[in-house]
Amino acid sequence: DLVGFIGLGGIYELHSRFMAHLHQKGIDVFLQQLVLGDTQALRESRSPSILLRRDGEIGRHLPPVLLLHGTGDKIVPPDQSEGFCQELLKSRVSVRLLFHEDQGHNDPVIHSPLMSNHETVEAIILSIHEWTSGQKINDGRLLPDDSDNMNTIFPESCRAQLAALPTWPRTPEPVIQIARFLTPF
C-alpha cells in the first residue's frame, strides 16, 4: 500500500504549451516525442492532471500528496504543480503544495542540501510522519531559525531524523551560484 505520493517539480500535464516550452529550452521535438509520446492523445493519456479532469473518481484511489516546486524552475514551470494540485483538490485528494522561493529544478535535491537548506527534506519527513501516524503537523515546515524549538514543533519520532541533517554548508555558496547559473534546469 502507498502511504503517500511526493512530487518534486513534476510534469503533470503534457500540453502543447509545455512541449513548446521544452523546445525553447533546447529539448528537440523528436526527443520529446520519443520520451513523452508522439501524439497529443498519447501524451494526454500519460498526463495525471488530464486523467483526473476526465475522471475525478480516480482520486478515490489516490494516497495523500505532497507537491514541492521551486519558483525559479527553468525547465518545469510551477504552474504544472499548481494545476495538478487544483485537479487533486477537485477530486477530494488530500494535497499539500509547497513552493520554494527562487529555487530551480535541481535545488531541492542537489543545491539546497549542499547548502544545508533542508526545507524539502523536512517537508517530506513531516508528511510521511503525518501519513503514517494520522497526526496532523502544522504546515509541514520548520522555520530556518526555529531549530531550538524543535521539541514543540516536531513529534518525537521525527526529531532524530531532522537532527541528523548537516547544519553547515558542504559546498561554498559561490560554487552553488555558478552551478545554478550554468544548469539548464
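Contact here means heavy atoms within 4.5 Å, and every view below is taken from a predicted model.

**View 1. Surroundings of S127 in helix α7.** S127 belongs to helix α7, which spans residues 119–133, and when residues up to four places away in sequence are not counted, S127 touches L66 and R96. The relative accessible area of S127 is 2%, and because buried means under 20% relative accessible area, this serine is classed as buried.

**View 2. The stacked aromatic pair of Y12 and F84.** A search of the whole structure finds one aromatic pair, formed by Y12 and F84, whose rings are stacked with 4.3 Å centre to centre and 15° between the planes. The pair links distant parts of the chain, with Y12 placed in the loop between β1 (5–8) and α1 (16–24) and F84 placed in helix α5 (residues 79–90), the two being 72 residues apart. Y12 is buried, its relative accessible area being 4%, and F84 is likewise buried, with a relative accessible area of 6%.

**View 3. R43, a buried arginine that has no salt bridge.** R43 is found in helix α3, made up of residues 40–45. Although R43 is buried, it has no salt bridge, and the nearest side chain of opposite charge, that of D38, is 6.4 Å away; because a salt bridge requires a side-chain nitrogen of Lys or Arg within 4 Å of a carboxyl oxygen of Asp or Glu, the separation of 6.4 Å between R43 and D38 does not qualify. The side chain of R43 is instead joined to the side chain of Q40 by a polar contact of 3.1 Å. Once neighbours within four places in sequence are left aside, the residues in contact with R43 are L14, M19, Q33, L36, G37 and D38, so that D38 appears in this view both as a contact of R43 and as its nearest side chain of opposite charge.

**View 4. S91 and its approach to G56.** S91 lies in the loop between α5 and β3, the latter covering residues 95–100. Although S91 and G56 are 35 residues apart along the chain, their C-alpha atoms are separated by 4.9 Å. G56 is also one of the residues in contact with S91 when neighbours within four places in sequence are left aside, the others being L52 and G59. With a relative accessible area of 8%, S91 is buried.

Notes. Residues are numbered from 1 along each chain as its sequence is written. This is a predicted model: local features need pLDDT of at least 70, side-chain atom pairs count only at pLDDT 80 or more; totals for chains, interfaces and linings use all residues. Side-chain values use heavy atoms; hydrogens and water are left out. Rings of Phe, Tyr and Trp (its six-membered ring) pair if their centres lie within 6.5 Å; planes under 30 degrees apart count as stacked, over 60 as edge-to-face and the rest as tilted. Helices (H or I, at least four residues) and strands (E, at least two) are DSSP runs, numbered from the N terminus. Buried means under 20% relative accessible area, exposed over 50%, partly exposed in between (1.4 Å probe, protein chains only). Lys and Arg count as positive and Asp and Glu as negative; His and the chain ends are not counted. A polar contact is a pair of N or O atoms within 3.5 Å; within protein, one must be able to donate a hydrogen and the other to accept it, and residues adjacent in sequence count only if both atoms are side-chain atoms.
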